[in-house]
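Thanks for coming, everyone. Please have a look at the structure on the screen, and I will then walk you through a few parts of it.

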Amino acid sequence: MKSFDPTAFRHQFPALHQAGCYLDSAATALKPLTLVQATGEYYAHNGATVHRSAHSAAQNATDRFESARESVRELINAASHQQIVWTKGTTEAINLVAQSYARPRLKAGDEILVSESEHHSNLIPWLMVAQQTGATVIKLPLDQRYLPDLTQLEQLLTGKTKILAIGHMSNVTGGCPDLKLAIELAHKNGTIVVVDGAQGVVHSPPDVQQLDVDFYAFSAHKLYGPTGIGVLYGKSTLLAEMAPWQGGGKMLTQASFDGFEAQSVPECFEAGTPNIAGVIGFGATLSWLNTQDIVQAEHYACSLAQLAYEKLATIPGFISYRAQNSSLLAFNIAGFHHSDIATLLSEQGVAIRSGQHCAQPLLDAIGVSGTLRASFAPYNQPDDVDKLYQSLIRALSLLE
Ligand code: PMP
């Protein structure tokens, strides 16, 4: 039986003892004990590599490595574990699609449609591949809620549009576009859809089959997992058409000076010794997460953000960029610089992010140079909202 108990959930996160009031989970989530233990146990008692040696430690490591892949498959309801490619993170996963899927297929005159709210990770790889192929990156503008405007999407999709790059959830506003509709419209046009799931997977893991998404990328570290691990999900037919991107050990079946024969998917995209401890740790994290009612947990985190929104809204000059029902609260206080406020909050033990959040085009569209962003996770508590509010009042009084 899945359940969510905020106190028990919180106890899983030892870093909270040091981190104090941690409101920066959208940058990276804190790590549960399960992860710390699984990673430590691998290094202390195993330490062997995967998919190479026949001895029992290596076999055990390989089994756990592959069972983590299966846990990811379950999380996003992929049809097969072979559709799950380990990468370093969302960034590498999107670059893999850009270089291995898009680059050989794009030519001058083709278009890549990218939503204006994308994190740089889902923009720069497309600008790079456009430079390499002569294709053009076209902006999918935002509507009044700062969400990709799907009515404009219909008009912008033409015979030239080969790829649509869109995020599941904005890391600034927390807004989520109607992905299913965006994918349906793109597919009607024969356009492949690449979804940046870095934030979305944390708040509502997708059903990739139901969404019919072509590629979905995410990072383990925002989902309570380790840094340096990410996932690319792809449709089997598309992954099978892609040539390997990086060459090296274990991505081939035979090699000579005349050439090599690539392994099958997904191993052909996983050259070199992987982050074994990270993958095993992520597998343990997902097993723990599977015991939690993540719908309830998300509901709780959003209610904290709502509480913070209501409290902060009483401060003169408060401007919110928060999408409805989001656990992120991006805001500014008119007349004060976001980074000055963040520094003074940090001095009072409140960790929040300030700046452009790697989404400069979105901030340009909003018309601000930066924002503060408090991001709430299920390990936060109402006390964190009070601390944020009190520290903000104090920071503003010091800056006045
Ligand atoms: N996309 C979004 C929406 C993000 O929030 C982030 C992380 N800030 C990324 C992509 C990049 O993730 P990573 O750095 O783990 O590759």
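**Strands, sheets and helices**

Let me start with strand E11 (residues 318-320) and strand E12, which run antiparallel and are joined by three bridges; strands here, like helices, are DSSP runs numbered from the N terminus, with at least two residues for a strand (E) and at least four for a helix (H or I), and two strands pair if DSSP finds at least two bridges between them. Before I go on, this is a predicted model, in which local features need pLDDT of at least 70 and side-chain atom pairs count only at pLDDT 80 or more, while totals for chains, interfaces and linings use all residues. Residues are numbered from 1 along each chain as its sequence is written, and side-chain values use heavy atoms, with hydrogens and water left out.

In the pairing of E11 with E12, Phe-318 has Ile-333 of E12 as its bridge partner. E12 (residues 328-333) also pairs with strand E15 (residues 371-375), again in the antiparallel sense, over four bridges, and there Ala-330 has Arg-373 of E15 as its partner. How many of the residues of E12 are buried? Six of its six are, where buried means under 20% relative accessible area with a 1.4 Å probe and protein chains only. Leu-328, Ala-330 and Asn-332 lie on one side, and Leu-329, Phe-331 and Ile-333 on the other.

Turning to another sheet, we find an open arrangement of seven strands in the order E2-E8-E7-E6-E5-E3-E4, with mixed pairing. Strands E2 (84-87) and E4 (136-140) stand at the edges with a single partner strand each, so one side of each is left without a neighbour in the sheet. Within this sheet, E6 (residues 192-196) and E7 (residues 215-219) pair in the parallel sense over three bridges, and Asp-196 has Ala-217 of E7 as its bridge partner.

Helix H5 (residues 90-102) is mostly covered, with twelve of its 13 residues buried, including Glu-92, Ile-94 and Tyr-101.

Finally, consider helix H13 (residues 294-312) and helix H16 (residues 382-399), whose axes come within 9 Å and cross at roughly 25°; axes are lines fitted to C-alpha atoms, for helices over the stretch in contact, and angles run from 0 to 180 degrees between N-to-C directions. The two helices, H13 and H16, are therefore roughly parallel to each other, a label given to angles under 35 degrees.

Key: Parallel < 35°, antiparallel > 145°, perpendicular 65-115°, else oblique. Buried < 20%, exposed > 50% of the residue type's maximum accessible area, 1.4 Å probe, protein only.
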